[in-house]
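I opened a fresh notebook page for this chain and went through it piece by piece. My notes follow in the order in which I looked things up.

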Amino acid sequence: MSWTEPSPTGTALLLLGRGSDPAAEKGVDCPGELPAPSDPDLVARAAAAKAALGDRVFVLGHHYQRDEVIQFADVTGDSFKLAREAAARPEAEYIVFCGVHFMAESADILTADSQRVVLPDLAAGCSMADMAELTQVEEGWERLAELGIADVTVPITYMNSTAAIKGFVGRHGGVVCTSSNAERALRWAFERGEKIFFFPDQHLGRNTAVLELGLSLSDCVLYDPHKPGGGLTDEQLRAAKVILWRGHCSVHGRFTLDSVKEIRERVPGVNVLVHPECRHDVVLSADYVGSTEYIIKALDAAPAGSAWAIGTELNLVRRLAKAHPDKQIMFLDRAVCYCSTMNRIDLPHLVWALEELVAGRVPNQIQVDPDTAYHARVALDQMLALP
Ligand code: SF4
């Protein structure tokens, strides 16, 4: 069935990083000479460079990445699957991560010291990860300590956070979670403490606490790092079961209740399937909610002729529509909704990175400092050990 392209939006979805701090999630401008996007030989150049590197390079492609880049990926998946795939290829000297900065950091933490992780464009950051900085998180924790409740609080961070936040969580006895195992992570934490401090995605934290664990909305409070004391009173912090960090995904946060109502009126019988990074009211109004891998499996299992409106990143939805021509697959919003920072990694950047490697130079290497990496690994290993 035919795919309908959403309308272009007139506004930039994300602010793009500009700066000089390579450790910042927003990243920095790409150095060096990039091939022109109009170069007709880009596909051939990427193929030639990849062939020249052979098993020494392993290219990872996140599900939200552009088709022009995905065609060169040795494996596609979500951020955690990709990091594990890289760790399972110790023979690959170079891991070229077509994703965003925090994903490349996780790959660096999980791979051997001899493997070098390359992000083809250092400006490929994640706006959500940027919303929780280490100093802000430490300030929030200090507030809990002053109230005497830090000892009964277990920190959890979503995979979509910087290595510094994962390290903080590892230092304080917490765990990393993905959108697939958030429920197990929260249950594990409640066996060890009375409260959870959840970073940085308020929506995943709220949706999991309320819809999976059966807590009420009033059990959750929102900690705003830009307000004194997080904008919460001592009583609110003492009473809360889940303290949600005020962060969100700029892509999934765009879907609204109106998008759901509009598609249900336009396509009677449509199945609405959304990612748990969407707002709580959107998730409540959907028929199904699940991670990227869940969405892919749900569409694989869907009967021919069924209609689906999907609330996740556009590149993935477009590819799923192409892969299932016997089903009517639509984008939930009428406007374009790419992860624009991840989409900074285009074919010219991939060609540039691969050709630099062929020339014996390692461009844009992502390295997490050993102390942060150690503690982040503790929190990641705890995730792998979740019951
Ligand atoms: S889709 Fe959202 S959470 Fe994922 S990388 Fe882009 S901004 Fe970050």
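**Entry 1: the longer list of annotated positions.** I began with the UniProt record, an unreviewed entry, which gives "binding site" for His62, Ser79, Tyr158, Met159, Asn160, Ser179, His275, Pro276, Glu277 and Thr292. I kept in mind that I was looking at a predicted model. From that list I picked Tyr158, Asn160 and Ser179 for a closer look.

**Entry 2: Tyr158.** I found tyrosine 158 in strand β5, residues 153-158. Is tyrosine 158 buried or exposed? I counted 29 other C-beta atoms within 10 Å, so tyrosine 158 is buried. Setting aside neighbours within four places in sequence, I listed its contacts as Cys177, Phe199, Pro200, Asp201 and Leu204.

**Entry 3: Asn160.** Asparagine 160 sits in the loop between β5 and α7 (163-171). Asparagine 160 is buried, with 29 other C-beta atoms within 10 Å. Beyond four places in sequence, asparagine 160 touches Phe102, Cys126, Met128, Ala129 and Asp201. I underlined Asp201, since tyrosine 158 has Asp201 among its contacts and asparagine 160 touches Asp201 too.

**Entry 4: Ser179.** Serine 179 belongs to the loop between β6 (175-177) and α8 (182-190). Serine 179 counts as buried, with 24 C-beta neighbours inside 10 Å. Which residues does serine 179 contact, leaving aside those within four places in sequence? I noted Leu204, His275, Pro276, Glu277 and Ser291. Of these, His275, Pro276 and Glu277 are also in the UniProt list. I also checked aspartate 78, which is 101 residues away from serine 179 along the chain, and the two C-alpha atoms are separated by 10.0 Å.

**Entry 5: three cysteines.** The unreviewed UniProt entry also lists Cys126, Cys249 and Cys339 under "binding site". These cysteines are spread over 214 residues of sequence, yet they cluster in space, with a largest C-alpha distance of 9.2 Å.

I placed cysteine 126 in the loop between β4 (116-118) and α5 (127-130). Cysteine 126 is buried, with 27 other C-beta atoms within 10 Å. Cysteine 249 lies in the loop between β9 (242-245) and α11 (257-266). With 25 C-beta neighbours inside 10 Å, cysteine 249 counts as buried. Not counting residues up to four places away, cysteine 249 touches Met128, Asp201 and Glu277. So Asp201 turned up again, and I wrote it beside the contacts of asparagine 160.

**Entry 6: domains.** How is the chain divided into domains? The assignment gives domain 1 (42-126 + 341-368), domain 2 (129-249) and domain 3 (252-331). Between domains 1 and 2, I recorded 10 residues of domain 1 in contact with 8 residues of domain 2. On the domain 1 side, α3 (79-87) and α4 (101-110) each supply at least two residues. Helix α4 gives the most to that side, with 4 residues. By class, the side of domain 1 that touches domain 2 has 5 nonpolar, 3 polar and 2 charged residues. The centres of domain 1 and domain 2 are 31 Å apart, taken over C-alpha atoms.

**Entry 7: the nonpolar core.** The largest nonpolar core holds 116 residues, and Ile95, Val96 and Phe97 touch the most other members. Helix α15 (residues 347-358) brings the largest share, 7 residues. I followed isoleucine 95 further: beyond four places in sequence, it touches Phe58, Leu60, Ala86, Ala107, Thr111, Gln115, Val117 and Val118.

**Entry 8: a buried lysine.** I stopped at lysine 195, in strand β7 (residues 195-199). Lysine 195 is buried, with 22 other C-beta atoms within 10 Å. Its contacts beyond four places in sequence are Ile149, Val152, Thr153, Ala240, Lys241 and Ile243.

**Entry 9: helix α14.** In helix α14 (residues 314-323), I marked Leu314, Asn315, Leu316, Val317, Leu320 and Ala321 as the buried residues. Their cover includes α13 (292-301), β12 (307-311) and β13 (328-331).

**Entry 10: the whole chain.** I ended with the overall picture: 16 helices and 13 strands. The radius of gyration is 21 Å, close to the 21 Å that the globule rule gives for 387 residues, so the chain is as compact as a globular protein of that length. Buried residues make up 49% of the 387 residues.

Key:
Residues are numbered from 1 along each chain as its sequence is written. This is a predicted model: local features need pLDDT of at least 70, side-chain atom pairs count only at pLDDT 80 or more; totals for chains, interfaces and linings use all residues. Domain bounds come from an automatic or database domain assignment. Two residues are in contact if their C-beta atoms, placed from the backbone, lie within 7 Å. Ala, Val, Leu, Ile, Met, Phe, Trp, Tyr, Cys and Pro count as nonpolar, Asp, Glu, Lys and Arg as charged, and the others, Gly among them, as polar. The radius of gyration is taken over C-alpha atoms; the globule rule is 2.2 Å times the number of residues to the power 0.38. A residue is buried if 20 or more other C-beta atoms lie within 10 Å of its own, exposed if 12 or fewer, and partly exposed in between; C-beta atoms are placed from the backbone. UniProt positions are given in the numbering used here, feature names are shortened, and annotations may be inferred rather than shown by experiment. A nonpolar core is a set of buried Ala, Val, Leu, Ile, Met, Phe, Trp, Tyr and Cys residues joined through C-beta atoms within 7 Å.
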